[in-house]
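Open the model in your viewer and keep the selection panel at hand. The stops below are meant to be followed in order.

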Amino acid sequence: MEPGEGTLGRLLVAHHVSRRAFLRFCSAMAAALALPPMYAPRIARALDVAQRVPVIWLEGQDCAGNTEGFLRASHPTVADLVLEILSVDYHETLMAPAGTAAERSRSDTVGAFPGAYIAVVEGGIPVAEGGVYCAIGGRSFRSIVEEVCGGALATIAVGTCAYDGGLPGANGGPTEAVGVSAIVPGKTIINLPGCPMNVQNLTATIVHYLTFGTFPAVDSRGRPTFAYGQLLHDQCERRAHFDAGEYVLGWGDEGHRKGWCLYKMGCKGPETFANCPTVRFNDRTSWPVKAGHGCVGCTMPRFWDQMSPFYRRLSNPPGFAVDVTADEVGLAFVGAVTGLTVIHGAASYARARRARASDEAISRPAGGPAGGPPPSGDGRPEVA
Ligand code: SF4
């Protein structure tokens, strides 16, 4: 192999990606990872020489929505090429081989790169009845996850189902699906919950590994703090309307047409930690709230149970001035509303600080055991 062959630098040249576009991407990645701009050149140097990383992508009880996100681009961008540096040796939806040849691809990678490949898991893992509800090649998905994730450098759990069982693991589900953390506790697991996960967060996680040789710091539930460390409500473009008491009260009403706050339509943004407003989806085109629908809290533990009914408004979190209407924000109420806004802002700030402080206390670079305990508590949002 020629020097530099197979590196991301070569890949970029082959795809006619300009140096300017590449450096812009590196700056964007530094920002996404909450790193100072001075890290952009370091990211660029690391990515220039980054070698292919073997990956085994497993799918269990899933809808392939995260695979869709992985493949989303219609034209090769730098981000696509970074993802291309992942040598996906096994992926049931994408790979050409089938049957025993496919199974052999997986076991060959496990055997050839012990402790040096990345496992990506998409979908829940059923444990009821010995895992019989999901079997591949005559083996339970659970046993495949134990083998592949048990021998991996790290596992990235993409989407909510791989995080905590998601929809198949919701109350009443007969398969008793769980997330990866419950199957291989103590292993290095990076959880990227979301329905689906945002591929930008997967890209940034990979870029962090290629640059620093470690995975990003995670919170108590194994979620990278760069992506899940801030309250969604504090980053939302409709926040000014919330503070002004301007709410959508019915689909298609005047407030909805004007882009007002969706809190009273059931938006779960005030109790959700995610970076959707800043990274958005589909090449940063939009995200649910921008499109006019409330956040359903899909990055939060057991959100199908804890955040539903999705159209019922949250009970008033302390300090939130949600019963103030636009009409009431008049001169006579300026003082009171200002006070409520200050209290609200202070409460939000304190909550975010508390959440971050508790997360930071237990977060560590995911080069060592990470992922934290399986989300086996009551699954309630981590907002006080
Ligand atoms: S309640 Fe929802 S729509 Fe309103 S500001 Fe918060 S996140 Fe945005």
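Select residues 53-59 and 118-122 in this predicted model. These are strands E1 and E3, which pair in the parallel sense over 5 bridges. Within this pair, Leu58 stands opposite Val121 of E3.

Next, extend the selection to the whole sheet. The sheet is open and has 5 strands, in the order E2-E1-E3-E7-E9, with parallel pairing. At its edges are E2 (86-91) and E9 (189-192), each of which pairs on one side only. From one strand to the next the twist averages 25°.

Add residues 99-112, helix H6. H6 lies across E1 and E2, and its direction makes an angle of about 135° with E2.

Now turn to the loops. Between E1 and helix H4 (65-70), pick Ala64. Ala64 is not a glycine, yet its phi is positive, about 70°. Past E9, in the loop leading to helix H10 (199-212), pick Pro196. The peptide bond joining Cys195 and Pro196 is cis, with omega about 5°. A further cis peptide bond joins Ser308 and Pro309, with omega about 0°. Pro309 is in the loop between helix H16 (303-306) and helix H17 (334-362).

Finish at the ligand. Which residues are closest to the ligand? They are His233, Cys236, Cys261, Leu262 and Cys267, out of 13 residues that surround the ligand. Coloured by class, this shell shows 9 nonpolar, 2 polar and 2 charged residues. Hide the ligand and display cavities: the space that the ligand takes is the largest cavity.

Notes:
Residues are numbered from 1 along each chain as its sequence is written. This is a predicted model: local features need pLDDT of at least 70, side-chain atom pairs count only at pLDDT 80 or more; totals for chains, interfaces and linings use all residues. Side-chain values use heavy atoms; hydrogens and water are left out. A residue is near a molecule or strand if one of its heavy atoms lies within 4 Å of it. On a 1 Å grid over the protein atoms alone, a cavity is a set of points where a 1.4 Å probe fits but cannot get out, and a pocket is an open set with protein on both sides within 12 Å along at least five of seven lines; lining residues have an atom within 4 Å of a point. A molecule sits in a cavity or pocket if more than half of its atoms lie within 2 Å of its grid points. Ala, Val, Leu, Ile, Met, Phe, Trp, Tyr, Cys and Pro count as nonpolar, Asp, Glu, Lys and Arg as charged, and the others, Gly among them, as polar. Two strands pair if DSSP finds at least two bridges between them. Helices (H or I, at least four residues) and strands (E, at least two) are DSSP runs, numbered from the N terminus. Axes are lines fitted to C-alpha atoms, for helices over the stretch in contact, and angles run from 0 to 180 degrees between N-to-C directions. Contact means heavy atoms within 4.5 Å.
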